[in-house]
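Visitor: Please show me the structure, and then let me ask how its descriptions are justified.

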Amino acid sequence: MFATLEQLPPDPILGLSAAFREDPSPDKVDLSVGVYKDRAGNTPVMAVVKEAEQALIAAQATKVYLPAAGSPGFREAIFRLVMGEDTQDLRPRSAVLQAAGGCGALRLGAELVQRAQPGATILLGDPTWPNHGPLLSGGGLQLARHPYYDTATRSVVLQPVLDALESAAAGTLVLLQASCHNPTGVDPTPEQWGQILEVIVARRLVPFFDIAYQGLGVDPDTDAWPIREAARLLPEMLVAVSSSKNFGLYRERTGALLVLAQDRGRASAIESHANKAARALYSMPPAHGALIVETILTDAQRETAWRNELAGMCAHIRGLRSRLAEGIMAARPGYDASWITRQQGMFSLLGISRDEVNSLREQHHIYMGYDSRANLAGLNQDNLPRVAELVAPLLPGD
Ligand code: LMR
């Protein structure tokens, strides 16, 4: 049966991470997969997560299945985290489903849309996270790409984005990364968001937000602002939420799908269909990570501790951005590297060629995406000067 299957190349992101682990060089630097790292280059369990996990385990009396839609406490908490405190009018017309990470939420959302509008199209900016396509098309959606980013100016190409939205049929989905754009690090400005949402409203399009780095750009509320603004303006939208990065729960596969519907009855119908889709995919979501998030966000003291810890991580990444920009400018006098400090989140698309990326890896043991996406959280005081020096001459522009 399986004789027809040829060996596939490794995943463009996870494959690099595996290659990094196998590299015996003491000089190796991992700027590949998007995980937070501390000053020592480790990805520790957050202190507040450790404490909540211990409390959770001590209190846990059963491992019986969660409901298909997930833990009710987690669902309420994650809705409040994304949508904000003032959401009394939104919650009744929302369906909230716990999902297996942000990936699970994207896939579940696609499955749900497929049930409502078979063959629906989703617009994706180019570039975007390489797994968006497989997750969304795997759930039955048709993909349509449009330009998002201008390499020369390192900014959003607004007009082509607006043109793509203008020419889309009513009901077309639009994938939007709420903040900390993966892979570029370049988000629309608030003015640009305003223009994007204006066309979405006018053309009756349906946003499908992906929020995977909430709190690692500016703070959790600012990073969720485009979603909250869209919720104020639109009758329907979907949001895929990940708790992987901002709670450091990567392997626990914790996330949620939020769907805003026209009314309470529709939200309930959506939930029933999402439950059925989930039942056919994996039955019910994993509990542990979601219960940790719930334990944190349903306790004011723990929530404050989490916000503070997350703010520290965010500040650490911002500090690395500044030091990298300084290092590059020191290595290349006259070059303006301030764009690095204006970007948000972990990633920066450096704009160097694939050959240069390969030679940084092969000769200097510096691992980054083949598209030159660098996870800047992988820098630290030991490796940063060397990375700055090696990358500086390769950056395009004057
Ligand atoms: C990344 O973009 O590196 C992360 O979101 C991890 C992944 O699954 O690709």
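Visitor: From which domains does the shell around the ligand draw at least three residues each?

Guide: The shell draws at least three residues from each of domain 1 (14-46 + 303-394) and domain 2 (65-298), with domain bounds taken from an automatic or database domain assignment. This is a predicted model, in which local features need pLDDT of at least 70 and side-chain atom pairs count only at pLDDT 80 or more, while totals for chains, interfaces and linings use all residues. Residues are numbered from 1 along each chain as its sequence is written, and side-chain values use heavy atoms, with hydrogens and water left out.

Visitor: What makes a residue count as near the ligand, and which residues surround the ligand?

Guide: A residue is near if one of its heavy atoms lies within 4 Å of the molecule; I13, V33, G34, W129, N182, Y213, K245 and R373 surround the ligand.

Visitor: Why is the pair formed by K245 and the ligand called a polar contact?

Guide: A polar contact is a pair of N or O atoms within 3.5 Å (within protein, one must be able to donate a hydrogen and the other to accept it, and residues adjacent in sequence count only if both atoms are side-chain atoms). A polar side-chain atom of K245 lies 2.9 Å from an oxygen atom of the ligand, so the pair qualifies. By that cut-off the side chain of N182, with an N or O atom 3.0 Å from a ligand oxygen, also qualifies, as does a backbone N or O atom of G34 at 2.7 Å from an oxygen atom of the ligand.
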